[in-house]
Amino acid sequence: MDSEIKPFYSNANIFLTGGTGFFGKVIIQKLLRTCDDISGLYLIVREKKGKSTTERLGELFNDPVFNKLREENPEFLKKVHVVEGDCSRLGFGLNQSSRTLLIDKINIVFHCAATLNMDAKMKDAVDTNVQGLSELLDLCHEMRYLKSMVVVSTAYSNCTQSIIEEKFYDPPVQATTLVKLANELEERVLDEITPGLMSEWPNTYCYTKAVAENMLREKAKDLPAGLFRPSVGRTTHREYKDIIEEEGMKSFNKHCDDALNTDAWSLPYKIIKRKEHVDSILSPVHPIDEKWTDAIG
Ligand SMILES: NC(=O)c1ccc[n+]([C@@H]2O[C@H](COP(=O)([O-])OP(=O)(O)OC[C@H]3O[C@@H](n4cnc5c(N)ncnc54)[C@H](OP(=O)(O)O)[C@@H]3O)[C@@H](O)[C@H]2O)c1
C-alpha cells in the first residue's frame, strides 16, 4: 500500500472480526505484509467444533495464504493478539479484560464476521448479523481512540431493488423489532413466521444484512463508520499467485463454488477477485477519518 493509506495505519491498533474467514485471512496477511509498522492486530476468535481458539489459530496461520508473509517476516505473529469471543452473543462474548483492552487500544475496526449461510435459521442469522453488529457498535462507542471503522455487508442486501445505489435503503423491519422477535419468540414460532417476515427477500442472509445496514445508519451516526457492499468474491490463479499454493487455492475456490451452487442465488452476480475486495475494505479508512474529522470540526 502506498500514498496516504499506509501512513494512516502507522502505529495503529486494528480490530478485525471474521479473521478466520475467506476475506479475513487475506486482510490479515495484507495488513501485516504491507503495513509493517502497525502497532497490533487484534482478532476475535471463538471456539468451534470442539477446537479451542489456540488450536484454531494454529490452523489459521498454517494456511498457505500466509506463506509469503511468513517468508518475509517470520516474526509477524508478535503483532497478532487474540481475544476470545463470539459475535452472536451479548457483549460479543468478551470477558471484561478483553473488552477493556479493546476500548483502550483500538483505532481502526473491520467488521467481517457474519453468517453467510443462506439457509440459516432466522434466529442464527439475526444473532450474528444483526445483534452482533449492534454489540460491536456498542463496543465502538466506548472505544477511546477509534478513528475509523468499516462494516462489510453484501451487494445483495438490497437485492429487492432493481438498481442498487451507494446509499442506505429503508429496511424490511427495524433491527430492534427483529432482535426482539428473535430473542423472545419460541424458535418454532419464529421459523413459522420467517417466510412472511422475509417477504421478497430470498434468504435470511440478505434479509438480516439489509436490517443490519439500516441499524448501522441509525446507530453509528456518531461514529467514524463506513459500509462496504462486496459482490461475490473468489480467488483466481493470478490472484496472489506468489502467495497461495495450489492446494490452498483449491480450497478457497471450493468455498466460492459452494456459495454459488445454491438455488438461493436467483440473482445476477458479478464475481470479483477477493484481493480486490480486500483492497476496497482496507482503503477507505483514511477518507472515513477525514470526513468524520471535518464533520465534527
Ligand atoms: N465471500 C463473499 O463472496 C462475500 C460476498 C459479499 C459479502 N461478503 C461479506 O464479507 C464478510 C466476510 O465474508 P467471508 O466470505 O470471509 O465469510 P466466511 O469465510 O464465512 O467467514 C465468516 C467469518 O465470520 C466469523 N464468524 C461467524 N460467526 C461468528 C461468531 N458468532 N463469532 C465470531 N466469529 C464469527 C467466522 O468465524 P469462524 O471461523 O469461527 O466460523 C469467519 O471468520 C461477510 O460480512 C460477508 O457477508 C462476502
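Is Asn11 buried or exposed? Let's find out in the first close-up, after two short notes. This is a predicted model, in which local features need pLDDT of at least 70 and side-chain atom pairs count only at pLDDT 80 or more, while totals for chains, interfaces and linings use all residues. Residues are numbered from 1 along each chain as its sequence is written.

**View 1. Asn11 and Lys49 are two loop residues with positive phi.** Asn11 is exposed, because just 10 other C-beta atoms lie within 10 Å (buried means 20 or more other C-beta atoms within 10 Å of a residue's own, exposed 12 or fewer, partly exposed in between, with C-beta atoms placed from the backbone). Asn11 sits in the loop between helix H1 (5-9) and strand E1 (13-17); helices (H or I, at least four residues) and strands (E, at least two) are DSSP runs, numbered from the N terminus. The phi of Asn11 is near 65 degrees, although this residue is not a glycine. Lys49 also has a positive phi, of about 45 degrees, without being a glycine. Look for Lys49 in the loop between strand E2 (40-45) and helix H3 (53-61). With 6 other C-beta atoms within 10 Å, Lys49 is exposed.

**View 2. Helix H2 is mostly covered.** In H2, 9 of the 11 residues are buried, among them Gly24, Val26, Ile27 and Leu31. The cover over these buried residues includes E1, E2, H3, helix H4 (67-72), E4 and H11.

**View 3. Helix H2 crosses helix H11.** The axes of H2 (residues 24-34) and H11 (residues 274-282) come within 10 Å and cross at roughly 65 degrees. Here, axes are lines fitted to C-alpha atoms, for helices over the stretch in contact, and angles run from 0 to 180 degrees between N-to-C directions. The crossing is right-handed (the near helix is turned clockwise from the far one by less than a right angle; anticlockwise would be left-handed). Val26, Ile27 and Lys30 of H2 meet Arg274, Lys275, Val278, Ile281 and Leu282 of H11. By class, the residues of this contact are 5 nonpolar, no polar and 3 charged (Ala, Val, Leu, Ile, Met, Phe, Trp, Tyr, Cys and Pro count as nonpolar, Asp, Glu, Lys and Arg as charged, and the others, Gly among them, as polar).

**View 4. Leu16 and Ile27 have the most contacts inside the largest nonpolar core.** This core has 66 residues; a nonpolar core is a set of buried Ala, Val, Leu, Ile, Met, Phe, Trp, Tyr and Cys residues joined through C-beta atoms within 7 Å. Setting aside residues up to four places away in sequence, Leu16 touches Gly24, Ile27, Ile28, Leu41, Leu43, Phe110 and Cys112 (a contact means C-beta atoms, placed from the backbone, within 7 Å).

**View 5. Ile108 belongs to strand E4 (residues 108-111).** Ile108 is buried, because 26 other C-beta atoms lie within 10 Å. Beyond its neighbours within four places in sequence, Ile108 is in contact with Ala12, Ile14, Lys147, Ser148, Met149 and Val285. Leu41 is 67 residues away from Ile108 along the chain, yet their C-alpha atoms are separated by 9.6 Å.

**View 6. A shell of 24 residues lies around the ligand.** Each has a C-beta atom, placed from the backbone, within 6 Å of the molecule. Gly18, Thr20, Gly21, Phe22 and Ala114 come nearest. The shell holds 11 nonpolar, 10 polar and 3 charged residues.

How values were computed:
Two residues are in contact if their C-beta atoms, placed from the backbone, lie within 7 Å.
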